[in-house]
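Trainee: Some labels on this fold need explaining. Can we go through them one at a time?

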Amino acid sequence: MLKRNLAYPEYLSEIMGDEYEIINGGVGGETSLTIMARQGAYPMKLAHDVVIFKTGEKQFETFVGNNDIDAFVSSYNGKNVTPLLQCGWDVSSPAQVNPCMINGKPFKLSSESKFWIEEETYKFEYNYYLHPEKEWISTDTIKAGSIITTYAMQNLRDKYANIFFVGYNGGFDDVAELITQIKAMITFSKSNRYIVISFHKPNNTISTIARMKEMEDSLQLTFGKHFINLRDYLVKRGLEDGGLTPTQEDRDSMSRGQVPPQLMTDGLHFTSVGYKEIATLVFKKMKELDY
């Protein structure tokens with residue numbers, strides 16, 4: 001993989017060395033509801049009954065849902081959740097979903113998805129399927145409301161430390177709800193070693209820089225020394241620490257409280273310099289917290 005394509009966990013792994021295993025559970029485009037569903041704080045449930053059936057020697061592919069038919073809903077508020085849309089579904093996927101368990105039986109969950117831009121709007125389509133890990137003996141029905149116990153829920157609790165970098169894609173109605181969700185993920189993790197990173201540009205819920213500052217103040221008040229204010233750091237120190245000379249466009253953005261464009265590839269995702277700085281911030285915070 002080319003260096004410019006690495007995200008911050010890969011750079012963090014380089015900084016920390018072989019003594020630590022860095023598990024990347026980040027998937028692009030997911031709301032906080034989907035992240036909680038994968039992590040386990042509020043698991044996803046089947047939105048409707050699903051029939052797993054077999055006839056003769058042929059195991060039929062089991063369709064679960066798509067854009068028009070909800071496959072999974074959050075146990076937090078019953079809203080639709082959509083894992084695995086921007087990543088593979090095999091065991092090496094960062095989604096940490098597979099293999100999963102439903103009612104004590106092993107499955108793999110897969111998706112078919114495609115993405116495109118139409119009239120400057122990001123659109124996607126998808127289908128979900130369930131694959132029994134063991135041969136199904138006879139027709140059976142998995143009832144609506146059955147919990148999908150992900151790989152992360154089974155294997156990634158009570159790990160050494162957790163980094164929560166969520167929120168830009170929504171999934172909450174206000175800052176208080178975002179804080180409630182992060183607290184739930186911290187509690188589920190069963191570890192008191194954690195870092196919370198705020199997202200770095202306005203979104204549909206936190207729609208202005210002024211509101212972002214209010215959000216950041218609330219996160220700082222709630223999580224204290226565990227909190228990293230990413231936007232504020234990148235605006236004030238990002239170019240200098242990255243060895244970059246600010247352009248006029250950078251200076252204009254920073255004067256408005258926005259991340260300088262030199263650290264971004266498309267207005268949202270970071271350059272290699274930006275991702276290295278995030279990794280360095282996390283590393284320094286871990287040292288500060290004596291992790």
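The exchange below takes a few labels and sets each against its cut-off.

Mentor: Keep in mind that this is a predicted model. Start at the surface.

Trainee: Why does Ile117 count as exposed?

Mentor: Exposed means over 50% relative accessible area. Ile117 has 59% relative accessibility, so Ile117 counts as exposed. Ile117 is found in strand S9.

Trainee: What makes the nonpolar surface patch?

Mentor: Four residues make it: Phe115, Ile117, Tyr122 and Phe124. The patch covers about 390 Å². Strand S9 (105-118) and strand S10 (121-132) each give two or more residues to it. Patch residues need over 30% relative accessible area. Ile117, at 59%, is over that cut-off.

Trainee: Why is Phe63 called partly exposed?

Mentor: Buried is under 20%, exposed is over 50%, and partly exposed is in between. Phe63 has a relative accessible area of 37%, so Phe63 is partly exposed. Phe63 is found in strand S5 (residues 62-66).

Trainee: Which residues is Phe63 in contact with, leaving aside its neighbours within four places in sequence?

Mentor: Ile69, Asn127, Tyr128 and Tyr129. Contact here means heavy atoms within 4.5 Å. There is also a spacing to note for Phe63 and His131: 68 residues apart in sequence, but 9.4 Å apart in space, C-alpha to C-alpha.

Trainee: Now the interior. Which residues touch the most other members of the largest nonpolar core?

Mentor: Phe72, Ile182 and Phe223, out of 50 residues. Core members are buried, which means under 20% relative accessible area. Phe72, Ile182 and Phe223 are members, so they are buried. Helix H4 (residues 175-189) gives the most to this core, with 8 residues.

Trainee: What is Phe223 in contact with, leaving aside its neighbours within four places in sequence?

Mentor: Ile179, Ile182, Lys183, Ile186, Tyr194 and Val196. Apart from this core lies another, of 24 residues, among them Tyr8, Ile228, Tyr233 and Phe270.

Trainee: How do you know that S14 and S15 pair?

Mentor: Pairing needs at least two bridges between the strands. Strand S14 (residues 194-197) is joined to S15 by 2 bridges, so the two strands pair. They run parallel. Val196 stands opposite Phe227 in S15.

Trainee: What makes S13 and S15 edge strands?

Mentor: Each pairs on one side only. The open sheet has 3 strands in the order S13-S14-S15, with parallel pairing. Strand S13 covers 162-164 and strand S15 covers 227-228.

Definitions and conventions: Residues are numbered from 1 along each chain as its sequence is written. This is a predicted model: local features need pLDDT of at least 70, side-chain atom pairs count only at pLDDT 80 or more; totals for chains, interfaces and linings use all residues. Side-chain values use heavy atoms; hydrogens and water are left out. Patches are made of residues with over 30% relative accessible area and no salt bridge: like charges are joined within 9 Å, nonpolar side chains (Val, Leu, Ile, Met, Phe, Trp, Tyr) within 5 Å. Accessible areas come from the Shrake-Rupley method with a 1.4 Å probe; for residues, only the protein chains shown count as cover. A salt bridge is a side-chain nitrogen of Lys or Arg within 4 Å of a carboxyl oxygen of Asp or Glu. Helices (H or I, at least four residues) and strands (E, at least two) are DSSP runs, numbered from the N terminus. Buried means under 20% relative accessible area, exposed over 50%, partly exposed in between (1.4 Å probe, protein chains only). A nonpolar core is a set of buried Ala, Val, Leu, Ile, Met, Phe, Trp, Tyr and Cys residues joined through side-chain atoms within 4.5 Å.
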